[in-house]
Amino acid sequence: MELRVTNTPRLEWTGDALAVGLFEDQVELTDDLAALDEKLSGTLKELITETEFKGKEGSSAATRVGGGSGIRKIILVGLGKPDGLKLETLRRAGAASAKAAKKEKCKTLGISLPLWNGDAAATAQAIAEGVELALYQDTRFKSDPEEKQGPKVEQVELLGLGGQEAAITRARQICSGVILARELVAAPANIVTPVTLAETASAIAQEYGLELEILEREDCEKLGMGAYLGVAQASDLPPKFIHLTYKPEGTPRRKLAIIGKGLTFDSGGLNIKVSGSGIEMMKTDMGGAGATLGAAKAIAQLKPDVEVHFISAATENMISGHAMHPGDILTASNGKTIEINNTDAEGRLTLADALVFAEKLGVDAIVDLATLTGACVIALGDNIAGLWSPSDEIADQLLKASELAGEKLWRMPMEETYFEGMKSVVADMKNTGPRPGGAITAALFLKQFVKETPWAHLDIAGPVWVDKENGYNNPGATGFGVRTLVSWVLS
Ligand code: BES
Ligand code: MN
Ligand code: ZN
């Protein structure tokens with residue numbers, strides 16, 4: 001699909017479908033919309049009346065335009081109230097326009113939406129992201145070529161945004177990262193394994209010239225990564241500790257580390273997941289790693305003046321005669337000992353050694369992303385990720401980045417007194433606390449492996465996947481986290 005910007009006024013644009021954004025108080029047509037309606041012989045007004053279109057955010061309507069006009073279909077997209085227009089509203093409006101054009105079998109689409117905050121670049125980027133992500137459909141595992149192809153929107157023009165080519169390029173680079181994350185997360189555990197994750201990292205390194213280091217089991221043993229290796233020991237597949245580095249030309253403005261939980265499958269281990277626990281969805285337990293590699297792909301193209309380390313301690317949590325036993329005591333690479341009272345709390349064990357590794361790189365800040373707890377999904381639902389950080393500065397940076405990126409984060413408490421529940425009689429700590437506050441104790445566990453580097457933890461167990469179509473997310477993996485990470489690194 002080709003994405004272009006133009007200054008052609010919407011009255012003069014010609015093509016298959018013209019999508020026009022309307023605010024809630026705009027359904028009484030004024031100015032050039034009245035002129036457009038006249039040009040379309042009253043079709044606009046009819047469409048508004050017939051569909052009782054009120055301009056509500058997320059609503060849309062489409063109809064055929066009579067012959068003799070330069071366009072075939074007109075699409076209305078609701079924008080809600082004009083004050084407090086959000087970038088995310090435009091992203092979703094771009095998605096709604098693209099989806100409607102696709103449904104109406106239109107090959108060319110013109111989109112006319114208002115500016116956000118007087119910022120043409122941010123506006124163009126957001127709309128382009130919405131279009132691109134909405135039109136992405138994962139047919140890799142379908143055998144039917146009909147389903148693979150379908151009717152395609154071939155050309156999209158953003159009206160009134162002439163000159164914003166760079167913003168479109170940026171959007172496409174970011175979306176290539178989001179789509180990589182979606183593809184990694186959606187692929188099953190027999191396709192995406194620790195080995196293929198490492199291969200994906202290697203492909204990114206080769207394509208964009210990043211540095212790549214893969215630590216094999218023996219390398220991790222030498223570094224004393226007993227927590228990570230304890231999780232990895234039941235798998236027939238080798239663990240792969242992935243460390244990909246983007247270095248800008250010249251002196252970096254800052255140095256950051258991004259860590260993603262990379263469990264390519266989580267059976268629970270000997271504390272096996274019971275039926276009904278969604279074990280068949282545990283292919284998504286590398287959502288953090290997917291976002292990390294997706295962000296790497298985007299950042300490698302965007303080339304900011306920031307050094308970024310992308311890390312994932314990838315493995316599977318399996319069952320075999322080699323499996324760690326409940327009650328085992330593991331020693332992490334910072335020397336801390338952990339009593340395993342639940343083998344299903346494995347993500348935090350892999351992250352523990354990854355956090356110690358990241359801090360040794362001497363970075364200015366560390367962010368980890370993990371499909372860490374079902375408790376976080378219970379607390380915040382499917383569309384919001386939890387954010388924990390002892391640092392107000394990093395927390396605020398991430399909240400701001402996520403707002404612009406249209407990915408919802410909610411800051412959660414780092415309630416130190418709850419660490420009481422993680423005390424072990426025999427070791428420094430247990431790996432799980434009591435059920436209440438399970439997402440908080442998980443964050444407190446991670447905190448034991450960070451000494452002084454400003455750090456934040458994102459629990460993305462909910463938003464990595466959607467069952468129903470929602471805006472620019474089609475059913476399946478969302479690629480959650482990539483846009484926030486990119487926006488944070490660039491900030
Ligand atoms: N990968 C799961 C968390 C998860 C659950 C992600 C549901 C997505 C959807 C994690 O490894 C896990 O099993 N967590 C346990 C922790 C418990 C044993 C303390 C959980 O949430 O039940
Ligand atoms: Mn688990
Ligand atoms: Zn897990």
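**Metal sites and packing in a predicted model**

Leu293 lies in helix α10, which spans residues 287-302. The model discussed here is predicted.

Trainee: Is Leu293 buried or exposed?
Mentor: The residue belongs to helix α10. Its relative accessible area is 4%, and the cut-off for burial is under 20%. Leu293 is therefore buried.

Trainee: Which residues does Leu293 touch, not counting those up to four places away in sequence?
Mentor: Contact here means heavy atoms within 4.5 Å. With residues up to four places away in sequence set aside, the residues touched by Leu293 are Leu180, Leu184, Leu197, Thr200, Ala201, Ile204 and Leu244.

Trainee: What separates the C-alpha atoms of Leu293 and Gly260?
Mentor: Along the chain, Leu293 and Gly260 are 33 residues apart. In space, the separation of their C-alpha atoms is 8.4 Å.

Trainee: Which residues coordinate the zinc ion (ligand 3)?
Mentor: The coordinating atoms lie at 2.0 to 2.4 Å from the zinc ion (ligand 3). In sequence, the spacing of its donor residues is K-x4-D-x18-D-x60-E. The residues are Lys261 (NZ), Asp266 (OD), Asp285 (OD) and Glu346 (OE).

Trainee: What is the geometry at the zinc ion (ligand 3)?
Mentor: The site has 6 donor atoms, with angles of 78 to 173 degrees among them. Ideal angles for six octahedral donors are 90 or 180 degrees. The site of the zinc ion (ligand 3) is octahedral.

Trainee: Which residues coordinate the manganese ion (ligand 2)?
Mentor: The donor residues of the manganese ion (ligand 2) follow the spacing D-x77-D-x1-E in sequence. Coordination takes place at 2.0 to 2.2 Å, and Asp344 contributes both O and OD. The full set is Asp266 (OD), Asp344 (O), Asp344 (OD) and Glu346 (OE).

Trainee: How is the arrangement around the manganese ion (ligand 2) classed, and why?
Mentor: Six donors count as octahedral if opposite donors are over 155 degrees apart and all others between 65 and 115. Around the manganese ion (ligand 2), the 6 donor atoms subtend angles of 71 to 167 degrees, so the arrangement is irregular.

Trainee: Which residue bridges the manganese ion (ligand 2) and the zinc ion (ligand 3)?
Mentor: The two ions lie 3.2 Å apart. The bridging residue is Asp266.

Trainee: How many residues apart are Asp266 and Glu346, and what parts of the chain do they link?
Mentor: Both Asp266 and Glu346 are buried. Asp266 is in strand β10 (residues 262-266), while Glu346 is in the loop between β13 (337-339) and α11 (347-360). The pair links distant parts of the chain, its members being 80 residues apart.

Trainee: What is the orientation of helix α6 relative to helix α15?
Mentor: The axes of α6 (residues 165-186) and α15 (residues 482-490) come within 9 Å and cross at roughly 140 degrees. That angle makes the orientation of α6 to α15 oblique.

Trainee: Which residues make the contact between α6 and α15?
Mentor: The crossing of α6 past α15 is right-handed. On the α6 side the contact is made by Ile174, Gly177, Val178 and Ala181, and on the α15 side by Val482, Arg483 and Val486.

Trainee: Is Asp428 buried or partly exposed?
Mentor: Asp428 sits in the loop between β16 (408-411) and β17 (429-430). Leaving aside neighbours within four places in sequence, Asp428 is in contact with Gly335, Lys336 and Thr337. Its relative accessibility is 43%, so Asp428 counts as partly exposed.

How values were computed
Residues numbered from 1 in each chain as written. Chains lettered and ligands numbered in written order. Predicted model: local features only at pLDDT ≥ 70, side-chain atom pairs only at ≥ 80, totals over all residues. Heavy atoms only, no water. Donors = N, O, S within 2.8 Å, 3.2 Å for Na, K, Ca; no water. Tetrahedral: all angles 85-135°; square planar, octahedral: opposite > 155°, others 65-115°. Helix = DSSP H or I, 4+ residues; strand = E, 2+ residues; numbered from the N terminus. Buried < 20%, exposed > 50% of the residue type's maximum accessible area, 1.4 Å probe, protein only. Axes fitted to C-alpha atoms, helices over the stretch in contact; angles between N-to-C directions. Parallel < 35°, antiparallel > 145°, perpendicular 65-115°, else oblique. Left-handed = near helix turned anticlockwise from the far one by under 90°.
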